[in-house]
Amino acid sequence: MTEHAMRVMGLAGWSGAGKTTLLAKLIPALIARGLTVSTIKHAHHAFDVDQPGKDSYRHRQAGASEVLISSAVRWVQMHEVRDGEEANLADLLRRLSPCDLVLVEGFKREGHPKLEIHRNANGRPPLHPQDENIVAIASDRAFPDAGIPVIALDDVAAIADLVASLAEPVDTILKRIEGHGAAD
């Protein structure tokens, strides 16, 4: 990957397919190759990273639009959408600090390249036949007619190679998805 050329790859799959489990193994494998990696995760529900009773939680509950918490080891910015629109992938990509690779979990209807995570035991149909943005599959079963690379779900090194080679520059992704902010 070219220095300073932030690239993007998504992981898409049904709930229970192992997207988060794979990400937890894939991130260290990519970092070991000298890449800086950031992630964007879409949640389908109201979520909270703050704890009731903490000062920052009380600030948000009191009506603050944004709360920024900082310490010597990390900082977090929380933005309350309230009655506004949910941020789309383009908005979130623009907010990230520069890195080599952004891994996106969710946002499966957006137009970025995606690795489908498919687990046969889920009993769900594959996504790739209906999604032209799926560029490869990691699965515990074969897809001989897929027409795209298929890698064993437990072969993290091969998946890291594939992700690194198929990720697209963020500028290309932004041009493709701008104004089409459908989250999954």
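This is a short walk through one strand with its two partners, and then through one helix pair. The model is predicted.

Start with strand E5, residues 101-105. The strand is mostly covered, with 5 of its 5 residues buried. Its side chains split by direction. Leu101, Leu103 and Glu105 point one way from E5. Val102 and Val104 point the other way. Both sets are buried. Glu105 is thus listed among the buried residues alongside leucines and valines.

Now look at the neighbours in the sheet pairing. Strand E1 covers residues 7-12 and pairs with E5 in the parallel sense. That pairing runs over 5 bridges. Strand E2, residues 37-41, also runs parallel to E5. Here, too, 5 bridges join the two strands.

Glu105 is a useful place to read both pairings. On the E1 side, leucine 11 stands opposite glutamate 105. On the E2 side, lysine 41 has glutamate 105 as its bridge partner.

Turn to the helices. Helix H1 spans residues 19-31, and helix H4 spans residues 156-166. Their axes lie 9 Å apart, and the packing angle is about 70°. Angles of 65 to 115 degrees count as roughly perpendicular, so H1 and H4 are roughly perpendicular to each other.

Which residues make the contact? From H1 come Leu22, Lys25, Leu26, Ala29 and Leu30. They meet Val156, Ile159, Ala160 and Val163 in H4. By class, this contact has 8 nonpolar residues, no polar ones and 1 charged residue. The charged one is Lys25 of H1.

Technical notes:
Residues numbered from 1 in each chain as written. Predicted model: local features only at pLDDT ≥ 70, side-chain atom pairs only at ≥ 80, totals over all residues. Heavy atoms only, no water. Buried < 20%, exposed > 50% of the residue type's maximum accessible area, 1.4 Å probe, protein only. Helix = DSSP H or I, 4+ residues; strand = E, 2+ residues; numbered from the N terminus. Pairing = 2+ DSSP bridges. Axes fitted to C-alpha atoms, helices over the stretch in contact; angles between N-to-C directions. Parallel < 35°, antiparallel > 145°, perpendicular 65-115°, else oblique. Contact = heavy atoms within 4.5 Å.
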